[in-house]
Amino acid sequence: MKLYLAVAQELGAMIRGGTLRSGEKLPSIREFCRTRGVSPATVLHAYDTLAAEGLIESSPRSGYYVLEKRKAAAVPRTSTPSANSTRVLVSDLVFDTLEATRDREVVPLGSAFPSPTLFPWTRLARYLGGSARHMNPWSTVASLPPGDLELRRQIARRYLRLGMTIGVEQIIITAGALEALNLSLQAITRPGDTIAIESPTFYGCLQAAERLGLHVVEIPTHPHEGVDLTGLSRAIAKHPIRACWFMTTLHHPTGATAPPEKKRDLVRLLTGHGIPLIEDDAYAELQYSSPPSPPAKAFDDKGWVLHCGSFSKCLAPGYRLGWLAAGRFTQEVARQKIESSLATSLPIQQCIAQMLHHGGYEAHLVRLREVLASQQAAALNSVQRHFPAGFRVAQPLGGYFLWIECAASVDALEVHRLAVESGISVAPGPMFSARRQFGNFLRLNCGHPWTTSMDRAVQRLGEILRRGS
Ligand SMILES: Cc1ncc(COP(=O)(O)O)c(C=O)c1O
């Protein structure tokens with residue numbers, strides 16, 4: 001970690017923990033340099049970071065002071081989707097809004113990706129070069145689905161850390177979690193079937209349902225506790241549900257993580273009805289807490305959960321590597337994989353296997369989670385200072401998204417349009433709903449270093465919201 005960040009984190013912890021109280025003066029830059037043996041640039045950078053987090057402010061010719069703590073905003077309410085099923089038509093909206101996040105000049109508050117600066121590119125490149133040089137051409141055939149044995153072994157060992165015994169024979173390597181999720185849906189459903197999804201949900205889920213001609217029933221979902229089991233039971237009684245696609249940990253976009261007992265009850269409910277659960281667990285490794293919450297798959301003793309994971313968010317974005325542990329559906333999914341893409345790039349699989357085995361993956365994750373947690377705190381602080389009163393926001397236990405409910409009069413699509421004109425991207429709520437609900441919600445990305453330019457972008461959003469509401 002950079003020295004200025006370490007200093008900022010140390011001081012931030014003292015402020016949050018109450019050792020430094022509001023109104024108190026921080027050591028002058030000269031004093032700090034003298035006592036700690038760091039450069040003035042390091043201290044200045046650390047103080048700027050704390051100022052961008054809204055923890056301190058500078059008073060001209062006087063120094064830096066701790067700011068008053070703000071009251072936490074209310075959490076958005078449980079969603080109230082229609083109980084009827086519907087076809088999905090969101091692709092155009094999703095493509096249009098994602099397009100706005102491609103430009104590197106645009107402030108990436110609407111981006112779906114964390115900052116590339118957070119990943120161990122040099123070590124990955126070293127392992128990738130090594131695996132390409134030493135690749136045994138015969139292993140191409142041996143590593144057809146389910147995939148490279150060493151990588152599957154490493155993934156099985158990570159499950160073991162969560163207390164889960166998943167044999168390598170159940171694990172299928174895929175091109176990212178998205179392929180794992182799509183293969184799962186293809187293996188289980190036929191066009192015209194109905195699936196249950198959360199409300200809101202990840203647009204990739206909506207796009208998959210649209211592409212496969214599925215109907216969806218949206219289930220009420222709470223931004224902290226996740227999917228509502230009473231709502232799900234009602235939907236099961238009313239509709240012939242073929243499968244559920246849920247994110248039980250660090251749900252996208254809300255960040256909800258269901259408590260373990262709820263995950264257990266969910267698996268019991270679905271197993272009792274013989275309904276497969278496609279568990280989208282793309283953000284599992286970004287939980288700030290230790291030990292992390294286990295997935296619903298941990299409670300699956302009958303093989304009804306298809307657990308889909310990814311290295312895209314936690315280790316190697318762009319390498320397109322994910323997997324699934326498909327329980328009783330393993331053979332059918334492996335067949336779908338062969339029919340649709342034959343196999344996943346072997347050097348990439350071997351590179352990630354090496355990285356998991358030797359490359360300091362755990363140490364990287366610890367650092368990544370620390371940085372994301374401090375960026376989340378800074379982003380929440382910016383939102384609290386700049387958004388007009390009355391908004392609601394959940395504070396997720398990990399990841400890098402904030403899901404914000406603005407005043408009912410706000411039109412998130414219009415906010416998105418005006419923000420793009422100001423060189424800022426945001427993700428408007430209707431992207432996350434089959435019926436384009438959440439018209440007054442925004443998803444903000446806090447996976448990038450929280451600089452003063454991010455803070456200013458949130459300030460600009462606040463101005464746009466004031467004008468529109
Ligand atoms: C909830 C969720 N699931 C799955 C994916 C896809 O993951 P991958 O990049 O591994 O295909 C994403 C990516 O944005 C996501 O947010």
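Which helix gives the largest share of the shell around the ligand? Helix α8, residues 176-188, does, with three residues. The model behind this answer is a predicted one.

Stay with the ligand for a moment. There are 13 residues around the ligand. Those that come nearest are G176, A177, L178, S310 and S312. By character, the shell holds six nonpolar residues, six polar residues and one charged residue.

Now step back to the chain as a whole. The chain is divided into three parts: domain 1 covers 3-66, domain 2 joins 91-114 to 363-468, and domain 3 spans 120-359. Take domain 1 and domain 2 as a pair. Their centres, taken over C-alpha atoms, are separated by 27 Å. Domain 1 puts six residues into the contact, and domain 2 puts in 10 residues. On the domain 1 side, α1 (3-16) and α3 (40-52) are the elements that give two or more residues. That side is made of one nonpolar, three polar and two charged residues.

Next, the sheet. Eight strands build an open sheet with mixed pairing. Read across, the order is β3-β10-β9-β8-β7-β4-β5-β6. The edges are held by β3 (171-174) and β6 (226-227), and each of these strands pairs on one side only. Look at the β6 edge. Strand β5, residues 215-222, runs antiparallel to β6, and two bridges join them. One residue pair can be picked out here: H222 has G226, in β6, as its bridge partner.

Last, a pair of helices. Two packed helices are described by the angle between their axes and by the distance between those axes. Here the helices are α10 (residues 229-238) and α11 (residues 260-273). Their axes come within 11 Å and cross at roughly 10°. Angles under 35 degrees count as roughly parallel. α10 and α11 are therefore roughly parallel to each other.

Which residues of α10 and α11 make the contact? From α10 come L229, L232, S233 and I236. From α11 come K262, D265, L266, L269 and H273. Sorted by character, the contact has five nonpolar, two polar and two charged residues.

How values were computed:
Residues numbered from 1 in each chain as written. Predicted model: local features only at pLDDT ≥ 70, side-chain atom pairs only at ≥ 80, totals over all residues. Axes fitted to C-alpha atoms, helices over the stretch in contact; angles between N-to-C directions. Helix = DSSP H or I, 4+ residues; strand = E, 2+ residues; numbered from the N terminus. Parallel < 35°, antiparallel > 145°, perpendicular 65-115°, else oblique. Contact = placed C-beta atoms within 7 Å. Nonpolar A, V, L, I, M, F, W, Y, C, P; charged D, E, K, R; others polar. Domains from an automatic or database assignment. Pairing = 2+ DSSP bridges. Near = placed C-beta within 6 Å.
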